[in-house]
Amino acid sequence: MDGPGPLGDFLQARRARLRPEDVGLRDFGSRRRVAGLRREELAQLAGVSVSYYARLEQGMSRGASAEVLDAIARALRLDDHERGHLDRLAGAARRTPRARRPRPEKLHDETRDLLSTVDAPALVLGRRSDVLAWNALGHALLGGHLDFHAPGDPALRPNMSRMLFLDPHCRDLYVDWKRKIRAVVGNLRIAVGKYPEDPLLAELIGELTMKSPEFVALWGDHRVRPCDAESYELRHPVVGSVTVTQQTLSIARSPDQLLIVCTTPAGSSDEQALALLRQAARMS
């Protein structure tokens with residue numbers, strides 16, 4: 001194996017986040033050559049041998065039991081999202097990788113019908129954050145500088161993660177762009193844990209690593225955080241400042257896909273701004 005792999009990388013990053021005093025260990029002031037806890041300290045907290053834990057971090061052991069993972073999760077003080085990510089990484093490490101090119105994701109007719117009924121900016125994202133479809137208002141709000149029909153062609157589909165890191169329009173659109181990209185990276189971490197053998201997802205991570213130093217810094221932190229609902233202030237080129245809550249909804253017909261809906265409080269100036277944007281989109 002080349003390197004520790006995703007499981008080892010995650011364990012190392014979470015271990016580096018903890019200090020001895022965080023977990024009730026005494027630090028006698030000796031010079032520490034590693035950030036955070038040493039391997040032997042984490043192994044002690046988890047109740048496993050140092051050699052076993054070292055092999056797990058180095059990618060040399062694939063058979064960690066649920067009990068061992070529970071103990072390590074408690075020692076690392078993982079939250080529920082991180083604990084789920086650990087389980088997915090451990091499960092992927094047990095499997096033999098299969099080299100196959102995934103088929104382009106398809107939008108079911110039922111999902112397209114659902115999207116057409118949403119009277120708010122909305123779009124459907126695939127497992128790699130590809131835009132599979134958007135309604136007219138979703139396009140006008142988040143991607144008006146792009147071809148509305150681009151999501152229909154797998155070769156031309158916009159990718160929301162790529163747009164947010166590499167497209168100057170999207171960078172300018174979000175007032176708090178850094179908070180938005182942190183959320184994007186948290187979601188990508190979850191996707192990599194769910195689909196570790198997806199070569200197109202690996203290509204996306206590789207491209208962002210090569211082209212965006214901001215992505216490199218955030219990716220190396222290994223934080224896992226789904227973004228279910230979050231409010232963002234947008235600096236829109238047509239209607240000016242508008243704050244929307246981006247809500248992520250699962251699609252029962254297509255479990256690998258997500259419906260993103262942007263909402264505003266009823267009667268608010270933000271709702272009025274979206275009404276103006278709707279009029280402008282109809283006239284264009």
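## Exercises on salt bridges and a helix pair

At 17% relative accessibility, R83 counts as buried. This value comes from a predicted model, and the exercises below start from that residue.

**Exercise 1.** Find which residue's side chain meets R83 in a salt bridge, and place the pair in its helix.

*Solution.* Step one: the partner is D87, with an N to O distance of 2.3 Å. Step two: look at helix 5 (residues 80–94), where D87 and R83 are 4 residues apart and so separated by about one helical turn. Step three: compare accessibility. D87 is partly exposed at 35%, while R83, at 17%, is buried.

**Exercise 2.** Work out where in the chain D256 and R127 lie, given that their side chains meet in a salt bridge.

*Solution.* Begin with the contact itself, which is 3.0 Å from N to O. Next, locate the two ends: D256 sits in the loop between strand 4 (240–250) and strand 5 (258–263), and R127 in the loop between strand 1 (122–125) and strand 2 (131–134). The pair therefore links distant parts of the chain, 129 residues apart. Finally, widen the view: D256 and R127 belong to a network of salt bridges with E105, R128, D130 and D198.

**Exercise 3.** Describe how helix 10 and helix 11 pack, and what kinds of residues make the contact.

*Solution.* First, take the geometry: helix 10 (residues 177–194) and helix 11 (residues 199–211) pack at about 145°, with axes 10 Å apart. Second, list the residues: L188, A191 and V192 in helix 10 meet L201, L204, I205 and L208 in helix 11. Third, sort them: 7 are nonpolar, none polar and none charged.

Notes
Residues numbered from 1 in each chain as written. Predicted model: local features only at pLDDT ≥ 70, side-chain atom pairs only at ≥ 80, totals over all residues. Heavy atoms only, no water. Axes fitted to C-alpha atoms, helices over the stretch in contact; angles between N-to-C directions. Contact = heavy atoms within 4.5 Å. Nonpolar A, V, L, I, M, F, W, Y, C, P; charged D, E, K, R; others polar. Salt bridge = Lys/Arg side-chain N within 4 Å of Asp/Glu carboxyl O. Buried < 20%, exposed > 50% of the residue type's maximum accessible area, 1.4 Å probe, protein only.
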